[in-house]
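Visitor: Please take one pocket and look closely at what lines it, and then at how its surroundings relate to the ligand site.

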Amino acid sequence: FIMGISHDLRTPVSLIKGYAEAITDGIINDMDSLKNSASIIGGKADQLESMINDLINYVKLNNTDWKQTLEKVRLEPFLADFAKSALNISSVYKRKINTFIDIDDSIEVPMDRNLVNRALENILSNAVRYTKDGGSISISAVQEGQVVLLSIADTGIGIEKKDLEHIYDIFYRGTNSRREQGMGIGLSVVKTIIDTLGWNIEVSSKLNEGTTFFIRIPLATDKTE
Ligand code: ADP
C-alpha cells in the first residue's frame, strides 16, 4: 500500500528539503528569491497535506462500518444542491456546466450524504481537470422505472481503452493523467462508496471526445418497513 504512493509523497518532500537547505546554506539570500522559495515551500506543503488527507480518508472509508448508519435522503434536493455547487465551479473554471435534474420530489434513498457528495465531487473534479478550457460538463438525473440514472458527462480528453478497466484501482493513473496532479485515489473512493450502497457505476469514454460516468441508484421497494 505504502510502496504505491511513496514516490508521489517523496517528490514534494524533496523539493521542500531542497529549498530549505538552499536557504539555510545562504545560496538563496536576496529578499525576492527568499519570498519566491517560501511560496514554493508553502505550495508543496499544501499539496502534501491534501495527499495525506486523501490517504487518511481512503483508509477511514475502508475501515469504518458506515453502511450501518445510513439515513434516508430526499434525492431531488440533494442532487439539486450538488448541481448548484457545480454551477458555481463553472464561474471559476472556464467550462460550461449544464444541469438537468428531473426526478420525483418525494423520492428518498438511504445513503451517507457526506460520502455520496464526496463521490460526486470526485467525479466532477475529474471532469473539470480532464477537460480543456471552453469544454462543457453536463450533469443529469432522470428516473427510469425503479432506478434513477445520474450521469456526469464531459467533453474532455477521454480515457484510453486500455486504461478503462483499471481506473477504479487504487493508485492507478491513466495514460492521459501525466499533466495533472493526483494520486489515483479519487475513483477508488467513488467505486467503494457506490458499491457499498448497492448502487452501480459505469463509464463510457472516447479519446479526445469525452467521458461519461453513469450511476444507477435503485429505488428500493423496502419490504422490511
Ligand atoms: P487521478 O488522481 O489520477 O485523477 P482518479 O482515481 O480520480 O485519479 O482517476 C483515475 C484515472 O482515470 C485518472 O488518472 C485518469 O486517467 C482517468 N480519468 C478519471 N476521470 C476522467 C475524466 N473525466 N476524463 C478523462 N480521464 C479520466
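**The second largest pocket**

Guide: Helix 3 (75–92) and helix 4 each supply at least two residues of the lining of the second largest pocket, helices being DSSP runs of H or I with at least four residues. The model is predicted, with local features needing pLDDT of at least 70 and side-chain atom pairs 80 or more, while totals for linings use all residues. Residues are numbered from 1 along each chain, and side-chain values use heavy atoms, without hydrogens or water.

Helix 4 gives the most to this lining, with five residues. The lining consists of Ser-85, Ala-86, Ile-89, Tyr-93, Arg-95, Glu-121, Leu-124, Ser-125, Val-128 and Arg-129, and by class it has five nonpolar, two polar and three charged residues. About 150 Å³ of space lies in this pocket (an open set of 1 Å grid points that admit a 1.4 Å probe, with protein on both sides within 12 Å along at least five of seven lines, and lining atoms within 4 Å of a point).

Arg-129 also belongs to the lining of the largest pocket, where Arg-129, Gln-181, Gly-182, Met-183 and Gly-184 are the closest to the centre among 43 lining residues. The largest pocket holds about 1,000 Å³ of space, and helix 1 (2–24), helix 2 (31–63), helix 4, helix 6 and strand 7 each give two or more residues to its lining. That lining divides into 16 nonpolar, 19 polar and eight charged residues.

Arg-129 is, in addition, one of the five residues that come nearest to the ligand, together with Tyr-130, Asp-154, Arg-173 and Asn-176. Helix 4 (113–129), helix 6 (186–196) and strand 7 (210–218) each supply at least two residues of the shell around the ligand, and helix 4 provides the largest share, three residues.

Notes
Near = heavy atom within 4 Å. Points joined across faces, edges and corners; volume = space filled by probe spheres on them. Nonpolar A, V, L, I, M, F, W, Y, C, P; charged D, E, K, R; others polar.
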